[in-house]
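Colleague: Please put the model on the screen. I would like to ask about its charges, its overall form and a few side chains.

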Amino acid sequence: MNAHDAFELIRTRRSTRKYLDKPVGEEALRQIVEAGRLAPSGSNSQSTRFFVITDPALLAELAVTVKEEFAKMEAAPGMYASMAGAIRAAKGERYVFHYNAPALIVTANKKDYGNNMVDCACALENMMLLANALDLGSCWINQLRWLNENERLLRRFRELGLMEDERIYGAVALGWPDTESGLPEREPLPRKGNPVQWIMDS
Ligand SMILES: Cc1cc2nc3c(=O)[nH]c(=O)nc-3n(C[C@H](O)[C@H](O)[C@H](O)COP(=O)(O)O)c2cc1C
C-alpha cells in the first residue's frame, strides 16, 4: 500500500457543486458504493442501507419535493446556518439540493441505533474518496437527513425500500465536474480550525 497516494487522495478531496450532464457509469458507481459498504461500523453492525439513484425522473422529483418541503419552513434565529440557508434558498426559484448531479447515493440506518449517523458518515467519506480517485466530483448532501422525519419523503423512500425503522442520515452527490480541466477542484481549503494537541512522553 502506498501511503503517499492514500494521503494525496484524502488531501485533495473537495466538494463539487457543478456537474456535467453526463452519466457516471455503472462500473464506477458499483465501485463507489462498494467502498461505502466496506466502511467500518459500530459493533460491525453493517446496518447502513444504500440507495444508488441515477433515474433522472426520480432525481427531479426529489429536487421538487425537497424544495417544496423546505419552502414551507421558516428560518429561525439560532438555527444551524446551512439549514437556514437551505430554507431561504428553497423559497427562491432555482433551488436544487443535489446540484443536478447525475447520481445521488443516499444512506439510511436504523433510527434507534446509536451509531446510525456515524456509520453513514464513514460510508460517505469512503465513497467521496473513491470518487476522487476516479476523477469524479462529489459533495455531501444533508437535506434528506434534515427532512428525515418528513412524511412525504418517508413515504417515497419507503416505496423505494426504506424500512419502517430506518431513517436517512446523509447522501452524496456524484458526477463529472463541470470545470475547465474536467477534473475536480483539488486544492484543499486552508485549515484554520481542527486544532491538534500533542501529548508526548515527557
Ligand atoms: C456533515 C456534513 C454536511 C454537509 N452538508 C452539505 C450540504 O448539504 N450541501 C453542500 O453543498 N455541502 C455540504 N457539505 C460539504 C461542506 O460544505 C464542505 O465539506 C466544506 O465546506 C469544506 O469544503 P471541501 O469539502 O471542498 O473541503 C457537508 C459536509 C459535511 C461533513
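Colleague: How far apart do the centres of the positive and negative side chains lie in the protein?

Modeller: This is a predicted model, in which local features need pLDDT of at least 70 and side-chain atom pairs count only at pLDDT 80 or more, while totals for chains, interfaces and linings use all residues. Residues are numbered from 1 along each chain as its sequence is written, and side-chain values use heavy atoms, with hydrogens and water left out. Lys and Arg count as positive and Asp and Glu as negative, with His and the chain ends not counted; each charge is placed at NZ of Lys, CZ of Arg, CG of Asp or CD of Glu. The protein has 25 positive and 27 negative side chains, and the distance between the centres of the two sets is 4 Å.

Colleague: How many salt bridges does a search of the whole structure find?

Modeller: A salt bridge here is a side-chain nitrogen of Lys or Arg within 4 Å of a carboxyl oxygen of Asp or Glu. Some of these link up into a network, as with Arg49, Lys110, Asp165 and Glu166. For the whole structure, the search gives 17.

Colleague: What separates arginine 30 and glutamate 26 in helix H2?

Modeller: Helices are DSSP runs of H or I with at least four residues, strands are runs of E with at least two, and both are numbered from the N terminus. The side chains of arginine 30 and glutamate 26 form a salt bridge at 2.5 Å, N to O. Because the two are 4 residues apart in helix H2 (residues 26-37), the separation is about one helical turn.

Colleague: Is arginine 30 buried or exposed?

Modeller: Buried means under 20% relative accessible area, exposed over 50%, and partly exposed in between, using a 1.4 Å probe and protein chains only. Its partner, glutamate 26, has 53% and is exposed. Arginine 30 has a relative accessible area of 51%, so it is exposed.

Colleague: Which residue forms a salt bridge with glutamate 61?

Modeller: The closest N and O atoms of the pair are 2.5 Å apart. The pair links distant parts of the chain, 95 residues apart, with glutamate 61 in helix H3 (residues 56-71) and its partner in helix H7 (residues 151-160). Glutamate 61 is partly exposed at 30% relative accessibility. The partner is arginine 156.

Colleague: Which glutamate in helix H7 is about one helical turn from arginine 156?

Modeller: Arginine 156 is partly exposed, at 24%. It also forms a salt bridge within helix H7, to a residue 3 apart from it, with the closest N and O atoms 2.8 Å apart. That residue is exposed at 57% relative accessibility, and it is glutamate 159.

Colleague: What is the radius of gyration of the protein?

Modeller: The protein has 7 helices and 4 strands, in the order α-α-β-α-α-β-α-β-α-α-β along the sequence. The radius of gyration is taken over C-alpha atoms, and the globule rule is 2.2 Å times the number of residues to the power 0.38. For 202 residues the rule gives 17 Å, and the protein's value is close to that, so it is as compact as a globular protein of that length. The value is 18 Å.

Colleague: What share of contacts between residues at least 6 apart joins residues at least 24 apart?

Modeller: Contact means heavy atoms within 4.5 Å. Among contacts between residues at least 6 apart in sequence, the share joining residues at least 24 apart is 81%.
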